[in-house]
Structure formats: structure tokens, C-alpha cells
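Thanks, everyone, for making the time this morning. I would like to walk you through one pocket and a few of the residues and elements around it, so please have the sequence and the structure open as I go.

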Amino acid sequence: KNLVSMMLEGAAFEIVDLGSDVPPQKFVDAVRENEADFVAMSALLTTTMPNMKTTIEALEEAGLRSKVKVLIGGAPVTSQYAHEIGADGFAPDASRAVALAKSLAAS
């Protein structure tokens with residue numbers, strides 16, 4: 001998370017780091033308050049991966065999902081899982097996360 005954040009900042013993205021173990025409502029509130037274009041989430045363990053899906057669902061329920069691109073990554077995360085939960089993209093490492101964010105920002 002920290003490395004991706006640092007590299008995105010270096011690529012001129014403005015970062016609002018919510019920390020770790022963040023409840024879905026905190027993402028919803030941050031998207032509203034910051035008019036975010038992206039939500040990026042990382043899971044270190046498979047046990048935390050379901051929270052990614054719950055966060056996407058919370059964004060949908062709040063009517064914000066169409067306004068943000070959701071990027072996910074982390075050691076146990078796969079592109080298949082990203083597709084299954086409705087994320088817009090998956091990156092296996094920090095450099096590819098930057099490339100993905102740039103490509104999604106351009107589209």
C-alpha cells in the first residue's frame with residue numbers, strides 16, 4: 001500500500017491515504033469529501049479480500065460507483081478476483097498500478 005501510494009504520488013496523482021483495515025463507509029466518505037477519481041485497495045491476506053467486495057458494494061449503494069475507478073492489488077489478489085468483485089483493474093505490483101491508473105485516467 002505504501003509503495004503504491006508513493007509511486008502514484010510520484011506520477012502526479014493526489015493521494016488520500018486512509019490507512020489500513022478501513023471500513024467501507026470510510027471509503028464512501030472519502031470519495032465524497034475529496035471528489036475522488038480512484039479508489040485503490042490492497043490486501044495482504046486472503047482473509048481481508050472480502051472487504052474489497054464489500055467496499056465496492058458500499059460505493060454502489062451510495063451511488064458513487066460510477067464516479068470512481070476501483071483498483072485492487074496485493075499478494076493474494078488476482079485479476080480473476082478483480083473481475084469477480086467488479087473492480088476496474090488489478091495490478092500485481094506498484095509500477096503496474098501506476099501504469100493502470102494512468103491508462104484508466106486517460107480513458
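The residues that line the largest pocket divide into 29 nonpolar, 10 polar and 7 charged, and I should say at once that what you are looking at is a predicted model. That lining is made up of 46 residues, and those that lie nearest the centre of the pocket are Lys1, Phe27, Ala40, Met41 and Ser42. The elements that each contribute two or more residues to it are the helices H1 (2-10), H2 (24-34), H3 (50-61) and H5 (94-106), together with the strands S1 (38-42) and S2 (69-73). The largest share, 5 residues, comes from S1, and the volume of this pocket comes out at about 1,300 Å³.

Let me stay with one of those central residues, Met41, which has its place in strand S1. Is Met41 buried or exposed? With a relative accessible area of 8%, Met41 falls under the 20% cut-off, and therefore counts as buried. If we leave aside the neighbours within four places in sequence, Met41 is in contact with Phe27, Met52, Thr55, Ile56, Val70, Leu71, Ile72 and Gly73. For Val70, the separation is 29 residues in sequence, while the C-alpha to C-alpha distance is 7.8 Å.

Ile56, one of those contacts of Met41, is found in helix H3, and Ile56 is buried as well, with a relative accessible area of 1%. Beyond four places in sequence, the contacts of Ile56 are Met41, Arg65, Val70, Ile85, Gly86 and Ala87. Ala82 lies 26 residues from Ile56 along the chain, and their C-alpha atoms are separated by 11 Å.

That brings me to helix H5, where a check on geometry is worth making. At 1.5 Å a residue, the 13 residues of H5 should span 18 Å, and the end C-alpha atoms are 19 Å apart, which agrees. Which residues of H5 are buried? They are Ala94, Ala97, Val98, Leu100, Ala101 and Leu104, and, seen down the axis of H5, these buried residues fall within an arc of 165°, so they line one face of the helix. As a reminder, an α-helix has 3.6 residues a turn, so residues three or four places apart point the same way. As for their partners, the buried residues of H5 pack against H1, S1, S2 and strand S3 (89-91).

I will stop there and take questions.

Note on methods:
Residues numbered from 1 in each chain as written. Predicted model: local features only at pLDDT ≥ 70, side-chain atom pairs only at ≥ 80, totals over all residues. Heavy atoms only, no water. 1 Å grid on protein atoms, 1.4 Å probe; cavity = no way out; pocket = protein on both sides within 12 Å on 5 of 7 lines; lining within 4 Å. Points joined across faces, edges and corners; volume = space filled by probe spheres on them. Helix = DSSP H or I, 4+ residues; strand = E, 2+ residues; numbered from the N terminus. Nonpolar A, V, L, I, M, F, W, Y, C, P; charged D, E, K, R; others polar. Buried < 20%, exposed > 50% of the residue type's maximum accessible area, 1.4 Å probe, protein only. Contact = heavy atoms within 4.5 Å. Expected span 1.5 Å × (residues − 1). Arc of directions from axis to C-beta.
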